[in-house]
Amino acid sequence: MPIMSKSRKFRWLMNVWPPFLFSGIRVLHVSPDFRQVVVRLKRYWFNQNYVGTHFGGSLFAMTDPYWMIMALENLGRDFIVWDKAAEIEFVKAVKEPVFARFELRQADIDALRGAAERDGKTLHWFDLPITTGDGTVVARVRKQVYVRRKLGALVAETTAKAA
């Protein structure tokens, strides 16, 4: 029996995680390098609002952990990465399935690593539209991540340079 890849295992775990499982949120794709994630939210009777459209909390929740996890997986274990802040702007109420498509570019990774190494820590905003299948924007989400080098990694690097 083949061993499940890290990205596939992560996708599976996110899909059975109770806050997503019971909200209609489904992770459709996680690239092997954790640079692309696609999440879908279907509207059901249990996740709609008073007027029958997507509940705003579910729209926000479908974007929650991904920028942090994608950054951490790409920066490596010498870095600490946390979600710091978030905001959402609701643009259009819809009843059809909606999607969040995350893409972490090499330029983002380089900027995070460079700023954390230069300044000790950094805060970075990521912008993401939530869209329908045809690309209509339903909401705009901004997530801020905090990144810094781990103290042990800094000490090891400094010791290696001194030697």
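How many helices and strands does the secondary structure of the protein chain come to? Six helices and six strands, in a model that is predicted. Here's a quick tour, starting with the overall build and ending with a patch on the surface.

**Overall build**
- Reading from the N terminus, the elements go α-α-β-β-α-α-β-β-α-β-β-α.
- If you box in the C-alpha atoms along the principal axes, you get roughly 65 × 45 × 25 Å.
- The protein chain has 163 residues, and 39% of them are buried.
- Take the contacts with a separation of 6 or more: 66% of them link residues that sit 24 or more positions apart in the protein chain.

**Surface and charge**
- The protein chain shows about 9500 Å² of accessible surface.
- Carbon and sulfur atoms own 58% of that accessible surface.
- On the charge side, the protein chain carries 25 positive and 16 negative charges.
- Work out the mean position of each set of charges, and the two turn out to be 6 Å apart.

**A nonpolar patch to look for**
- M4, W12, L13 and V16 make a nonpolar patch on the surface, covering about 380 Å².
- One of these residues, L13, belongs to helix α1, which takes in residues 6-16.
- So is L13 buried, exposed or partly exposed? L13 counts as partly exposed because its relative accessible area is 44%, which lies between the 20% cut-off for buried and the 50% cut-off for exposed.
- That 44% also helps explain why L13 can be part of the patch, since patch residues need over 30% relative accessible area.

Definitions and conventions:
Residues numbered from 1 in each chain as written. Predicted model: local features only at pLDDT ≥ 70, side-chain atom pairs only at ≥ 80, totals over all residues. Heavy atoms only, no water. Patch = residues over 30% accessible without salt bridge, like charges linked within 9 Å, V, L, I, M, F, W, Y side chains within 5 Å. Areas by Shrake-Rupley, 256 points an atom, 1.4 Å probe, with all protein chains shown as cover. Salt bridge = Lys/Arg side-chain N within 4 Å of Asp/Glu carboxyl O. Helix = DSSP H or I, 4+ residues; strand = E, 2+ residues; numbered from the N terminus. Buried < 20%, exposed > 50% of the residue type's maximum accessible area, 1.4 Å probe, protein only. Contact = heavy atoms within 4.5 Å. Lys, Arg positive; Asp, Glu negative; His and termini not counted. Charge placed at Lys NZ, Arg CZ, Asp CG, Glu CD.
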